[in-house]
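These are my notes from a session spent looking through one model. I record what I looked up, in the order in which I looked it up.

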Amino acid sequence: GASAVLIYGAPNAPLSAPRNQIFGQFVAAVIGIMCRLWIVDSMDGNVGLALPVSITLCIFVQAVTQCFHPPAGGTNLIMVLSPTTSKIGFGQLVPVTYGTLVMFGWGLLCNNLNPENKYPLYWFGFKNGCLGYCQPETPAGVTETDLNTTINDTKINEAVDEGVSDDQDPSKNEGSTCESLGRAVVENADVFGIQVHNST
């Protein structure tokens, strides 16, 4: 249910990426099964210890592997609490993996019925070498140069706006406007990337 909300309701969110959905669920299930077998079954049903240990390990491993998927936390706890886990052990991975792949397949189909939509937006979701929740990768077609140019243009526009006072009307006082723009250029020469020489 929670995974469906992410995949169908917020398909472009990083937490809805295939990496997060598939590997996040798998990691959560494996850890939950291990805690059920090695803590609950080995310590006379000590669920009170198994639950916090299991969810803590789940969050830690998801952070290290960069596959955060919040609904997987529920999968993790179900594996710990389910008596079926004690009977079939890692066989629980079969329904978990099957359900995850079926949901991803339907998400892939439904979210791409509209040609203007694209799912998944990120197959792997995060940049390599980033621990935990990171910024998504730059979308295809947008380069770092494009981003830097946009930022520089924004700084220039802000510098010009600061140089022109609100009470000046360019249509009525063109001379004052030009002087203000000149001062803005001089005061923000480093932003414009120019050198200003004083006349003697």
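**Entry 1: helix H3**

I began with H3, in what is a predicted model. H3 has 19 residues, and I noted a reach of 26 Å from its first C-alpha to its last, close to the 27 Å expected at 1.5 Å a residue. I then listed its buried residues, which are Ala-50, Ser-54, Cys-58, Gln-62 and Ala-63. I looked up their packing partners and found H2 and H4. Just after H3, I noted that Gln-66 takes a positive phi of about 55 degrees.

**Entry 2: the nonpolar cores**

I turned next to the largest nonpolar core, which has eleven residues. I wrote them down as Val-27, Ala-28, Ile-31, Cys-35, Ile-39, Val-40, Ala-50, Cys-58, Cys-67, Ala-72 and Val-80. Two or more residues each are given to this core by helix H2 (18–40), helix H3 (47–65) and helix H4 (72–81). The largest share, six residues, comes from H2.

I examined one core member, Cys-35, in detail. Setting aside residues up to four places away in sequence, I found that Cys-35 touches Val-40, Ala-50, Val-53, Ser-54, Leu-57 and Val-80. I also recorded a second, separate core of six residues, among them Ala-29, Val-30, Ile-33 and Met-79.

**Entry 3: H2 against H4**

How do the axes of H2 and H4 cross, and at roughly what angle? I found that they come within 7 Å and cross at roughly 25 degrees. I therefore entered H2 as roughly parallel to H4, since angles under 35 degrees count as such. The crossing of these two helices is right-handed.

I then listed the residues that make the contact. H2 contributes Gly-24, Gln-25, Ala-28, Ala-29, Ile-31, Gly-32, Ile-33, Cys-35, Arg-36 and Val-40. From H4 come Ala-72, Thr-75, Asn-76, Met-79, Val-80 and Leu-81.

**Entry 4: Tyr-119**

My last item was Tyr-119, which I located in the loop between helix H6 (93–110) and helix H7 (144–163). Is Tyr-119 buried or exposed? Its relative accessible area is 3%, and the limit for a buried residue is under 20%, so I entered Tyr-119 as buried.

I looked up its surroundings, leaving aside neighbours within four places in sequence. Tyr-119 is in contact with Ile-7, Pro-11, Ser-16, Gln-21, Phe-104, Gly-107, Leu-108, Asn-111 and Asn-112. For one of these, Ile-7, I also noted the separation from Tyr-119: the two are 112 residues apart along the chain, and their C-alpha atoms are separated by 9.2 Å.

Definitions and conventions
Residues are numbered from 1 along each chain as its sequence is written. This is a predicted model: local features need pLDDT of at least 70, side-chain atom pairs count only at pLDDT 80 or more; totals for chains, interfaces and linings use all residues. Side-chain values use heavy atoms; hydrogens and water are left out. A nonpolar core is a set of buried Ala, Val, Leu, Ile, Met, Phe, Trp, Tyr and Cys residues joined through side-chain atoms within 4.5 Å. Buried means under 20% relative accessible area, exposed over 50%, partly exposed in between (1.4 Å probe, protein chains only). Helices (H or I, at least four residues) and strands (E, at least two) are DSSP runs, numbered from the N terminus. Contact means heavy atoms within 4.5 Å. The expected span of a helix is 1.5 Å times one less than its number of residues. Axes are lines fitted to C-alpha atoms, for helices over the stretch in contact, and angles run from 0 to 180 degrees between N-to-C directions. Angles under 35 degrees count as roughly parallel, over 145 as roughly antiparallel, 65 to 115 as roughly perpendicular and the rest as oblique. A crossing is left-handed if the near helix is turned anticlockwise from the far one by less than a right angle, and right-handed if clockwise.
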